[in-house]
Amino acid sequence: MAMLYQAVYRRASFMWCRLHSTYVRKMRYLFELKEDDGLCRQAQNSGTFYLFHNLFPFLQKVGSKHFASQISASELKRILKKFKQDEQKLEDSVLIGCSDECMAYFALDLGSLEKMDIESELKGSFTELWKAFFQLDGKDARLLSLAQALLRWHDTHRYCSKTGQPTRKNLAGSKRVCHTNEIIYYPQMSPVVITLVSDGSRCLLARQASFPQGMYSALAGFCDVGETLEETVRREVAEEVGLEVKSMWYSASQHWPFPNSSLMIACHAMVWPQQNEIRVNKLELEAATWFSLEEVVEALRREPRPLRQEDGRFSLWLPPKWAIAHQLIQEWVKQQSTMPA
Ligand SMILES: NC(=O)C1=CN([C@@H]2O[C@H](COP(=O)(O)OP(=O)(O)OC[C@H]3O[C@@H](n4cnc5c(N)ncnc54)[C@H](OP(=O)(O)O)[C@@H]3O)[C@@H](O)[C@H]2O)C=CC1
Ligand SMILES: [Mg+2]
């Protein structure tokens, strides 16, 4: 029966291929997997898996390049069997996407197994996510970021906050339900604004004490309840560096897995050139400085890692290419270069 259902589904998918764009087909397929546990179970049995261990993603290295490994369902079942785990563990996974051919991608945390055993079996290593971010390309980083955020959310929402009863995830992991009173919980994100401030000729970059040495980024801050985006930008700039925003405009957004799951909303802001004296809020930031176009262009050429200069200080370097802070900085450089002198 299951085989027949699968054959019919494949035929229907084939028709979809012919009728719709790849993007539309993928989105419809993912939607169905979230709605239909039976279909999702089938997809788990033919899909591929990104593995985690206590939220550290599994990476492999080929030459000098790191990548996030995809493990087939059959290989994963073999590993589970070898380490005396039930095949049903596949159902703890969460759906994180699919290929153009509608092969589903899942993420699974194997934290209950011995980390080193899996590493030596699969020839790779579980790496802290923020470290992995500096080693991966944008596509892998985006998938792992989503995967970690979802896995963490499920791990911390095992009980209903109203009844105290256990909640159960749907197969895809797009929600959890408390079956005592049918309360549905959906994964949450916190909105965060990230703002690149300019005074017309320079841009303002800041660092927190927890950043790696020499790394500076744009100003970031969580939205408070009741605030508009514009209000958050104005408040954060005032709070963190003591400046008043004259104008601002939206650029782009990005999911960010730290500290839990944030939606980074990236904006540019201008301050009055005559009122540009920075007063750093030392409770929030270690330092904040205006940087010239030349300094920023030079920093963009550097590898994103600490580099000690001869005088013992660290050179300025910026977040990795696919981080939205990097994109804001690139945009600012482009704007400056196209502005009339
Ligand atoms: N993608 C990118 O390019 C970049 C991303 N970021 C990210 O932006 C995020 C926010 O930046 P940050 O400067 O730390 O933010 P804030 O300036 O808002 O300061 C962080 C503090 O805000 C409080 N806070 C308020 N709401 C929340 C919430 N929902 N979750 C957690 N803390 C909250 C906490 O204080 P307390 O604990 O005292 O209550 C926390 O320590 C960080 O997660 C950072 O990783 C930053 C730069 C670049
Ligand atoms: Mg901040």
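A residue counts as buried under 20% relative accessible area, as exposed over 50%, and as partly exposed in between. By that rule A220 is partly exposed, because its relative accessible area is 31%. The model described here is predicted. The protein has 341 residues, and 45% of them count as buried. Two ligands feature below: a magnesium ion, which is ligand 2, and ligand 1, which 19 residues surround.

**Overall build**
- The protein contains 10 helices and 16 strands.
- Its C-alpha trace spans about 75 × 45 × 45 Å along the principal axes.
- About 18,700 Å² of the protein is exposed, and carbon and sulfur atoms supply 53% of that area.
- Take the contacts with a separation of 6 or more: residues 24 or more positions apart account for 64% of them.

**The annotated domain**
- UniProt, in an unreviewed entry, places the feature "domain: Nudix hydrolase" at residues 187-320.
- Over residues 187-320 the chain is 16% helix and 35% strand.
- The end C-alpha atoms of that stretch are 26 Å apart.

**The magnesium ion**
- Two residues coordinate the ion: A220 through O and E240 through OE, at 2.1 to 2.2 Å.
- This pair links distant parts of the chain, with A220 in strand 13 (residues 219-222) and E240 in helix 8 (residues 229-241).
- The two residues are 20 residues apart.
- E240 counts as buried, because its relative accessibility of 3% is under 20%.

**Ligand 1**
- The closest residues to ligand 1 are Q208, F222, E240, W256 and F258.
- E240 therefore appears twice: it coordinates the magnesium ion and is listed among the closest residues to ligand 1.
- A polar side-chain atom of E284 is 3.1 Å from an oxygen atom of ligand 1.
- For Q254, an N or O atom in the side chain is 3.3 Å from a nitrogen atom of ligand 1.
- For E236, a polar side-chain atom is 3.5 Å from an oxygen atom of the ligand.
- On its own, ligand 1 has 920 Å² of accessible area, and the protein covers 60% of it.

**E236 in its setting**
- E236 lies in helix 8.
- E236 is buried, at 8% relative accessibility.
- Leaving aside neighbours within four places in sequence, E236 is in contact with V193, A220, G221, F222 and V241.
- One of these contacts, A220, also coordinates the magnesium ion.

**A325 in its setting**
- A325 lies in helix 10 (residues 324-338).
- A325 counts as buried, because 4% relative accessibility is under 20%.
- Not counting residues up to four places away in sequence, A325 touches I194, S217, A218 and P319.
- A325 and K65 are 260 residues apart in sequence, and their C-alpha atoms are 23 Å apart in space.

**Backbone details**
- The peptide bond from F258 to P259 is cis, with omega near -10°.
- P259 lies in the loop between strand 14 (245-256) and strand 15 (262-271).
- L55 is not a glycine, yet has a positive phi of about 75°.
- L55 sits in the loop between strand 1 (48-53) and strand 2 (56-62).
- L55 is buried, because its 18% relative accessible area is under 20%.
- K84 is not a glycine either, and has a positive phi of about 55°.
- K84 is in the loop between helix 4 (73-82) and strand 5 (94-98).
- K84 counts as exposed, because its 74% relative accessibility is over 50%.

Definitions and conventions:
Residues numbered from 1 in each chain as written. Chains lettered and ligands numbered in written order. Predicted model: local features only at pLDDT ≥ 70, side-chain atom pairs only at ≥ 80, totals over all residues. Heavy atoms only, no water. Donors = N, O, S within 2.8 Å, 3.2 Å for Na, K, Ca; no water. Helix = DSSP H or I, 4+ residues; strand = E, 2+ residues; numbered from the N terminus. Buried < 20%, exposed > 50% of the residue type's maximum accessible area, 1.4 Å probe, protein only. UniProt positions renumbered as here; feature names shortened; annotations may be inferred. Near = heavy atom within 4 Å. Polar contact = N/O pair within 3.5 Å; in protein donor to acceptor, adjacent residues only side chain to side chain. Areas by Shrake-Rupley, 256 points an atom, 1.4 Å probe, with all protein chains shown as cover. Contact = heavy atoms within 4.5 Å.
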